[in-house]
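Colleague: I am new to this structure and would like a close look at one part of it. Please take the salt bridges and the parts of the chain around them, and go through them step by step.

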Amino acid sequence: MRGQTRSQSMTKKRRQPGVEAREQLGWWHAHRFLLLRRATQLLVLALFLAGPVAGLWLLKGNLSSSELLGTVPLTDPLLLLQSVSAGHWPLSTLWWGALIVLVSYWLVGGRVFCSWICPVNLITDAAAWLRARLGLRDVSTLVRSTRYWLLAMVLALPAVTGVLVWEWVNPVPLLLRGLLFGMGAGWALLLALFVFDLLVAARGWCGHLCPVGAFWALVNRLGFIKVTASGRARCNQCMDCYAVCPEPQILKGPLLGARRGHGPLISAQECLNCGRCIDVCAQQVFTLSVGFAVKADNISEKQQ
């Protein structure tokens, strides 16, 4: 009997995250946010590629600077800050483009860029998927705050050199340029990111090093849409959410900290709003909430 119980326990440990959600709630429910993210990432790439490939210039440029329908400017705010640091005062259209982008990501959460738009996320997620299948462990421990130090360096170097040094190696626009024009050694950089995430540290690039992610994490502090663990009373500690979350350290307080006064809001700026915790949770602990709903949840919990 004990052997059977132990065998069942080992089977549960080896089970892939989301199996219970798929069995109880259906296949679509267990994959909906993942599929919507992939569709969004591929759609953004398709919109940029449609111009050079098919002559449909819906989005012209790249993820650093572009025009929507030939009229609406869209500018990466981090690129604009680097330009100012280098002593180059951008055109007014670039300022307006940066403002449009900032407001847009304020509404949906800054790190949505990392999980729903950034094409490099396709590479790092593939590495994370393969890593989980192979059962690999970290061979190096990285400090998550390193990305903020790298962000500070990205902004400081232009002031010293007068050159936007980061943009030479920024893999986000590099990948899109490579798809359009070919990038030779640039593929080696993307392969290096994949190998690094696969063999050295889980989510090493996006979770610990990427200065672009660090910038959007700071913006995310004021994000309007948040993930909440509003149903945490139903949590059975299956740990599926921890297994799939790119930033699992942010879940501990909202899930297990009720007695210490934590609210259900996952307020950590590192949250990507990727929705994977919502996908895989059979107990439906998590949900997306807007700012007003989050405040109402917190008030209700304090009253309890």
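Modeller: What follows goes through the salt bridges, then a small sheet and a few other places in the chain.

The model is a predicted one. It holds 8 salt bridges. One of them joins Arg-37 to Asp-125, with the closest N and O atoms 2.9 Å apart. The two partners come from distant parts of the chain: Arg-37 belongs to helix α3 (residues 27–54) and Asp-125 to helix α7, 88 residues apart. Arg-37 has a relative accessible area of 3% and is buried. Asp-125 is also buried, because its relative accessible area of 11% falls under the 20% cut-off. This pair is part of a network of salt bridges that links Arg-37, Arg-38, Asp-125 and Arg-203.

Two members of that network lead on to other features. Asp-125 leads to helix α7, which covers residues 120–134. The helix has 15 residues and spans 21 Å from its first C-alpha to its last, close to the 21 Å expected at 1.5 Å a residue. Asp-125 is one of the buried residues of α7, which also include Val-120, Asn-121, Ile-123, Thr-124, Ala-127, Ala-128 and Arg-131. Just past the end of α7 comes Gly-135, whose phi is positive at about 65°.

Arg-203 leads to a loop, the one between α11 (186–200) and α12 (204–209). Its phi is positive, about 55°, although Arg-203 is not a glycine. Another residue other than glycine with a positive phi is Asn-273, at a value near 50°. Asn-273 sits in the loop between α15 (252–256) and α16 (276–280). With a relative accessible area of 7%, Asn-273 is buried.

Next come the salt bridges of Glu-247. The side chains of Glu-247 and Arg-111 meet at 2.8 Å, N to O. Glu-247 lies in the loop between α14 (240–244) and α15, and Arg-111 in the loop between α5 and α6 (112–117), so this salt bridge ties together parts that are 136 residues apart in sequence. Glu-247 counts as buried at 1% relative accessibility, and Arg-111 counts as buried at 1% as well.

Glu-247 also forms a salt bridge with Arg-144, where the closest N and O atoms are 2.8 Å apart. Arg-144 is in the loop between α7 and α8 (146–161), while Glu-247 is in the loop between α14 and α15, so the pair ties together parts that are 103 residues apart in sequence. Arg-144 is partly exposed, with a relative accessible area of 27%. The value for Arg-144 lies between the 20% and 50% cut-offs, so this residue is not counted as buried.

Cys-281 also has a partner far along the chain, here by C-alpha distance. Cys-281 is placed in the loop between α16 and β5 (287–290). The C-alpha atoms of Cys-281 and His-29 are 9.6 Å apart, with their positions 252 residues apart along the chain. Cys-281 counts as buried, at 8% relative accessibility.

The small sheet is next. It is an open sheet of 3 strands in the order β1-β2-β3, and its pairing is antiparallel. β1 (59–61) and β3 (72–75) stand at the edges with a single partner strand each, so one side of each has no neighbour in the sheet. From one strand to the next, the twist averages 25°.

β1 is joined to β2 (residues 65–68) by 3 bridges, and the two run antiparallel. Across this pair, Leu-59 stands opposite Leu-68, and Lys-60 stands opposite Glu-67. The two strands form a hairpin with 3 residues between them. β2 pairs with β3 over 4 bridges, again in the antiparallel sense. Here the bridge partner of Ser-66 is Leu-74 in β3. β2 and β3 form a hairpin with 3 residues between them, and Leu-69 in its turn has a positive phi of about 55°.

Last comes the surface. Trp-96, Leu-99, Val-103, Trp-106, Leu-107, Val-108 and Leu-222 make up a nonpolar patch there, and together they have about 670 Å² of accessible area. Of these, Leu-107 lies in helix α5 (residues 92–108). Leu-107 is partly exposed, with a relative accessible area of 38%.

Conventions
Residues numbered from 1 in each chain as written. Predicted model: local features only at pLDDT ≥ 70, side-chain atom pairs only at ≥ 80, totals over all residues. Heavy atoms only, no water. Expected span 1.5 Å × (residues − 1). Buried < 20%, exposed > 50% of the residue type's maximum accessible area, 1.4 Å probe, protein only. Patch = residues over 30% accessible without salt bridge, like charges linked within 9 Å, V, L, I, M, F, W, Y side chains within 5 Å. Areas by Shrake-Rupley, 256 points an atom, 1.4 Å probe, with all protein chains shown as cover. Salt bridge = Lys/Arg side-chain N within 4 Å of Asp/Glu carboxyl O. Pairing = 2+ DSSP bridges. Axes fitted to C-alpha atoms, helices over the stretch in contact; angles between N-to-C directions.
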